[in-house]
Amino acid sequence: MAVKIKTKYGTIDISNNVIATVVGGAATDIYGIVGMASKNQIRDNLNEILNRENYSRGVVVRQADNGVTVEVNIVVGYGTKISEVCRNVQDKVKYNLETMLGVTANTVTVIVQGVRVLGED
């Protein structure tokens, strides 16, 4: 599925992979985030940090009436305040979606899949 934006010049379709890439890039820029995690770690058999090419595995995008709802799966660094990191992720994801794509994020749900020591390989 894709988000459709109607303008006076026509219709713009933005795919979920583009939204997932913007969301993943915004989330990994936050201090305290080690990386993105897969939403289905058992099915994907991934217990590792996702690369930039795989952000769509860690982000779930659902279309709503007047925007999107986003679910972000992250791994945080040990010693950081998880609630503050999650709030920062929500704010940055909403801001980036609105400024870069013109898409309103109604809900941004952050799921912490794990905690890792910063500097652990």
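**Notebook: salt bridges and Thr21**

I started with Glu84 and Arg87, whose side chains form a salt bridge at 2.9 Å, N to O. Note to self: this is a predicted model. Both residues sit in helix 3, three residues apart, which is about one turn of the helix. I checked accessibility too: Glu84 comes out partly exposed at 34%, and Arg87 is also partly exposed, at 42%.

Next I counted: how many salt bridges does the structure hold? The answer is four.

I then pulled up Lys92 and Asp29, another salt bridge, with 3.9 Å from N to O. Lys92 belongs to helix 3 (residues 82-101), while Asp29 is in the loop between helix 1 and strand 3 (33-36), so this pair ties together parts 63 residues apart in sequence. Is Asp29 buried or exposed? Asp29 is exposed, because its relative accessible area is 52% and the cut-off for exposed is over 50%. Lys92 is partly exposed at 27%.

I looked at Arg62 and Glu71 as well; their side chains make a salt bridge at 3.9 Å, N to O. Arg62 has a relative accessible area of 46%, so I noted it as partly exposed. Glu71 is partly exposed at 21%, and buried would need under 20%.

Last stop was Thr21, in helix 1 (residues 16-28). What does its side chain reach? I found the backbone oxygen of Asn17 at 2.8 Å from the Thr21 side chain. Thr21 is partly exposed, at 42% relative accessibility. I also checked Thr21 against Ser56: they are 35 residues apart in sequence, with 6.6 Å between their C-alpha atoms.

Terms used:
Residues are numbered from 1 along each chain as its sequence is written. This is a predicted model: local features need pLDDT of at least 70, side-chain atom pairs count only at pLDDT 80 or more; totals for chains, interfaces and linings use all residues. Side-chain values use heavy atoms; hydrogens and water are left out. Helices (H or I, at least four residues) and strands (E, at least two) are DSSP runs, numbered from the N terminus. Buried means under 20% relative accessible area, exposed over 50%, partly exposed in between (1.4 Å probe, protein chains only). A polar contact is a pair of N or O atoms within 3.5 Å; within protein, one must be able to donate a hydrogen and the other to accept it, and residues adjacent in sequence count only if both atoms are side-chain atoms.
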